[in-house]
Amino acid sequence: MHLIYTYVDTPIGAILIAGDETAIVEIHFAGAEPQPDWTHHPAALREAATQLRAYFAGERTTFDLPLAPRGTEFQQSVWNALQQIPYGETTTYSAIAERIGRPAAVRAVGAANGANPIPIVIPCHRVIGASGSLTGFGGGLDVKRQLLAMEARVAGQTLF
């Protein structure tokens with residue numbers, strides 16, 4: 001699949017957005033480089049960039065973008081469940097496992113969460129450990145903390 005890409009400047013660094021002509025396929029954190037066969041095409045991804053800027057400005061709490069994450073059926077079920085986590089709130093891996101009808105699959109949910117190819121838009125940062133601790137995140141724990149703090153502030157809630 002040939003992908004197009006652009007970058008959007010955010011408070012957590014330049015985010016790389018990649019997709020095809022119809023949907024977002026991947027989002028990468030600061031420092032990511034496009035694959036050699038990808039084509040730079042900012043105009044085609046303008047709406048995604050606009051919505052991400054609005055999210056970071058505290059003006060958008062949901063995304064309305066066509067998404068096409070690539071993954072297994074199980075991963076897709078986890079990623080769909082992640083999209084149901086309300087803005088400014090958190091949940092646990094075990095709660096996601098329950099939600100998808102696989103209560104014993106907590107570790108697999110964690111792995112699927114970590115493999116999320118479209119972070120922020122598919123809000124894997126809203127999943128925390130059962131003890132309330134921050135757990136791994138592709139953008140790093142500091143970025144996860146910043147995202148959760150921003151969402152809590154915009155939503156008028158306290159963090160944790």
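**Exercise 1. Work out what share of the protein's residues count as buried, and what its surface is made of.**

Step 1. Keep in mind that this is a predicted model. Of its 160 residues, 46% count as buried.

Step 2. Now turn to the outside. The protein exposes about 7,900 Å², and carbon and sulfur atoms supply 50% of that area.

Step 3. Add the charges. There are 11 positive and 14 negative side chains, with the centres of the two sets 7 Å apart.

**Exercise 2. Check whether the radius of gyration agrees or disagrees with that of a compact globule.**

Step 1. Start from the chain length: a compact globule of 160 residues would have a radius of gyration near 15 Å.

Step 2. Compare that with the model. The protein has 15 Å, so the value agrees with the globule rule.

Step 3. For a feel of the dimensions, take the box along the principal axes: the C-alpha atoms fill roughly 40 × 35 × 25 Å.

Step 4. Look at who touches whom. Among contacts with a separation of 6 or more, 57% come from residues 24 or more positions apart.

**Exercise 3. List the helices and strands in the order in which the chain runs through them.**

Step 1. Count the pieces: you should get five helices and six strands.

Step 2. Walk along the sequence and write down each piece as you meet it. The pattern reads β-β-β-β-α-α-β-α-α-β-α.

**Exercise 4. Test whether helix α5 has the span expected from its residues, then find what it packs against.**

Step 1. Helix α5 covers residues 141-155, which is 15 residues. At 1.5 Å a residue, the helix should span 21 Å.

Step 2. Take the C-alpha atoms at the two ends of α5. They are 21 Å apart, so the span agrees with the expected one.

Step 3. Pick out the buried side of the story: Val143, Lys144, Leu147, Leu148, Met150, Glu151 and Ala152 are buried in α5.

Step 4. Ask what those residues meet. They pack against α1 (46-56), α3 (93-99) and β6 (127-128).

Step 5. Have a look just past the end of α5, where glycine 156 takes a positive phi of about 70°.

**Exercise 5. Do the burial analysis for helix α1, and place glutamate 47 in it.**

Step 1. In α1, the buried residues are Ala48, Ala49, Gln51, Leu52, Ala54, Tyr55 and Phe56.

Step 2. Find their cover. It includes the strands β1 (4-10), β2 (13-19) and β3 (24-28), along with helix α5.

Step 3. Now try glutamate 47, which is also found in α1. Its relative accessible area is 45%, so glutamate 47 is partly exposed. The C-alpha atoms of glutamate 47 and aspartate 64 are 9.2 Å apart, with their positions 17 residues apart in sequence.

Step 4. Just after α1 comes glycine 58, with a positive phi of about 80°.

**Exercise 6. Decide for isoleucine 120 and proline 103 whether each is buried or partly exposed.**

Step 1. Locate isoleucine 120: this residue is in the loop between α4 and β6.

Step 2. Apply the cut-off. Buried means under 20% relative accessible area, and isoleucine 120 has 1%, so it counts as buried.

Step 3. Check the backbone too. Phi of isoleucine 120 is near 75°, a positive value in a residue other than glycine.

Step 4. Move to proline 103, in the loop between α3 and α4 (106-114). Its relative accessibility is 45%, so proline 103 is partly exposed.

Step 5. Look for its neighbours. Leaving aside residues up to four places away in sequence, proline 103 touches Ala97 and Glu98. Between the C-alpha atoms of proline 103 and tyrosine 93, 10 residues apart along the chain, the separation is 9.6 Å.

**Exercise 7. Find how far apart in space asparagine 80 and threonine 50 are, and do likewise for serine 133 and alanine 104.**

Step 1. Asparagine 80 sits in helix α2 (residues 73-82) and is partly exposed, at 43% relative accessible area.

Step 2. Go from C-alpha to C-alpha: asparagine 80 and threonine 50 are 30 residues apart in sequence and 23 Å apart in space.

Step 3. Serine 133 is in the loop between β6 and α5 and is partly exposed too, with a relative accessible area of 33%.

Step 4. For serine 133 and alanine 104, 29 residues apart along the chain, the C-alpha separation is 20 Å.

Notes:
Residues are numbered from 1 along each chain as its sequence is written. Side-chain values use heavy atoms; hydrogens and water are left out. Helices (H or I, at least four residues) and strands (E, at least two) are DSSP runs, numbered from the N terminus. The radius of gyration is taken over C-alpha atoms; the globule rule is 2.2 Å times the number of residues to the power 0.38. Buried means under 20% relative accessible area, exposed over 50%, partly exposed in between (1.4 Å probe, protein chains only). Contact means heavy atoms within 4.5 Å. Accessible areas come from the Shrake-Rupley method with a 1.4 Å probe; for residues, only the protein chains shown count as cover. Lys and Arg count as positive and Asp and Glu as negative; His and the chain ends are not counted. The place of a charge is taken as NZ of Lys, CZ of Arg, CG of Asp or CD of Glu. The expected span of a helix is 1.5 Å times one less than its number of residues.
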